[in-house]
Amino acid sequence: MGKTVNVVEVFSSIQGEGQYVGYRQIFVRLVGCNLECEFCDTPDSRQGMASGQIEITPGKRDFKIISNPIPISQLAAYINQLLILPHHSVSLTGGEPLCQTQAIEELAPLIHGMIHLETNGTLPTELAKVLPYIDMISMDIKLPSTSGQELWQKHEEFLRLANTRRVFVKIVVTNKTSTEEFQQAIELIATVNPEIPLIIQPVTPINHCGGVSPDQVLVWQEQALTLLTDVRVIPQTHKFMGQL
Ligand code: SF4
């Protein structure tokens, strides 16, 4: 048996967040995460899982249960089989996919499609290893009010590397977001490259994270537009479309 990887699920669906919202993608949700965000909506991905599920026909939800870990060559074959339907790209997500960097290094070259990395933006050393295989990066900046820690230095290091690819930044705002931490985040992006697109994502209320008022969303966007050229507000659209 070759190298292996731990998988939560693989399926074809509509991207619901960020710059590529609406595109058809294959989602490859890997096990593991290095953070514990208050608004996390994929808590299962953070722990090890004995089994995962893989969709066999794109969009038909005919999942096959697999035992973890799965050989990387086998996972690539499942993904390429789903690519029988033309997709925009294959989204590596989690959890935090860079927790399995070595697996990505081996998986990505086997996939017959563009690779979109969805990441919390805190593991720059790991990003450097896989960067040659990544076409697009969706990078979160995690604000201290929800991550419980200051991650500015890691985020800046990460964004400087990611800026060598197609990258956009996503910031989830909640009723706990402060003006000061939001300002620090947009200054960080502007320092690296003010033309990097920023997606402000009002949180879908979960756990103790409450939503943001419509007026406050306008204020966040206006604040960001003082330093950045491309600032959009996009909520989690897959939730109200009833998609996975
Ligand atoms: S980085 Fe993502 S997967 Fe990890 S805890 Fe935060 S929201 Fe959840």
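**Exercise 1. Strand S7 and its neighbours**

Task: In this predicted model, work out how strand S7 is joined to strand S8, and then describe what surrounds S7.

Solution. Begin with the pairing itself: strand S8, which covers residues 115-119, runs parallel to S7, and 3 bridges join the two strands. To place one of these contacts on the structure, find leucine 92, whose bridge partner in S8 is leucine 117.

Next, turn to the other pairing, in which S3 and S7 run in the parallel sense over 5 bridges. Here isoleucine 26 has valine 90 in S7 as its bridge partner.

Then follow the chain from S7 through helix H2, residues 101-107, to S8, and you will have traced a right-handed β-α-β unit.

Finally, look at burial. Of the 5 residues of S7, which spans residues 89-93, 5 are buried, and the strand is therefore largely enclosed by the rest of the structure. In a regular strand the side chains alternate between the two faces of the sheet. In S7, Ser89, Ser91 and Thr93 point one way while Val90 and Leu92 point the other way, and all of them are buried.

**Exercise 2. One residue of S7**

Task: Is threonine 93 buried or exposed, and which residues is it in contact with, leaving aside its neighbours within four places in sequence?

Solution. First locate threonine 93, which is found in strand S7. Its relative accessibility is 8%, and because buried means under 20%, threonine 93 counts as buried. As for its surroundings, once neighbours within four places in sequence are left aside, threonine 93 is in contact with Phe27, Val28, Arg29, Leu30 and Glu118.

**Exercise 3. Salt bridges**

Task: How many salt bridges does a search of the whole structure find, and where do the partners in three of them lie or how accessible are they?

Solution. Side chains of opposite charge can pair when their charged atoms come close. The search of the whole structure finds 10 salt bridges.

Take as a first case arginine 29 and glutamate 9, whose side chains meet in a salt bridge at 3.0 Å, N to O. Arginine 29 belongs to strand S3 (residues 24-30) and glutamate 9 to strand S2 (residues 7-14), so this pair ties together parts that are 20 residues apart in sequence. Both arginine 29 and glutamate 9 are buried.

The second case is the salt bridge between the side chains of glutamate 38 and lysine 176, at 2.8 Å, N to O. This pair links distant parts of the chain, 138 residues apart, with glutamate 38 in the loop between S3 and strand S4 (51-55) and lysine 176 in the loop between strand S10 (166-173) and helix H6 (179-192). Glutamate 38 is partly exposed, with a relative accessible area of 21%, and lysine 176 also counts as partly exposed, at 36% relative accessibility.

In the third case, the side chains of glutamate 55 and arginine 61 meet at 2.7 Å, N to O. Glutamate 55 counts as buried at 0% relative accessibility, whereas arginine 61, at 30%, counts as partly exposed. Elsewhere, salt bridges that share partners join Glu17, Asp140, Lys142 and Lys170 into one network.

**Exercise 4. Cysteines without a disulfide**

Task: How many disulfides does the structure hold, and how far from cysteine 209 is the nearest cysteine sulfur?

Solution. A disulfide is a covalent bond between the sulfur atoms of two cysteines. The structure holds 0 disulfides. Cysteine 209 is in no disulfide, and the nearest cysteine sulfur, which belongs to cysteine 37, is 9.1 Å away; for a disulfide, the two sulfur atoms would have to be within 2.5 Å. Each of these two residues can also be checked for burial: cysteine 37 is buried with a relative accessible area of 13%, and cysteine 209 is buried with one of 2%.

**Exercise 5. The buried side of helix H5**

Task: Which residues of helix H5 are buried, and what covers them?

Solution. Within H5, residues 152-162, the buried residues are Trp152, His155, Phe158, Leu159 and Ala162. They cover an arc of only 130° around the axis, which means that they lie on the same side of H5. The elements that cover these buried residues include S8, helix H3 (124-130), strand S9 (136-140), helix H4 (144-147), S10 and H6.

Definitions and conventions: Residues are numbered from 1 along each chain as its sequence is written. This is a predicted model: local features need pLDDT of at least 70, side-chain atom pairs count only at pLDDT 80 or more; totals for chains, interfaces and linings use all residues. Side-chain values use heavy atoms; hydrogens and water are left out. A salt bridge is a side-chain nitrogen of Lys or Arg within 4 Å of a carboxyl oxygen of Asp or Glu. Helices (H or I, at least four residues) and strands (E, at least two) are DSSP runs, numbered from the N terminus. Buried means under 20% relative accessible area, exposed over 50%, partly exposed in between (1.4 Å probe, protein chains only). Two strands pair if DSSP finds at least two bridges between them. A crossover is right-handed if, with the strands pointing away from the viewer, the path from the first strand over the helix to the second runs clockwise. The arc is that of the directions from the helix axis to the C-beta atoms. Contact means heavy atoms within 4.5 Å.
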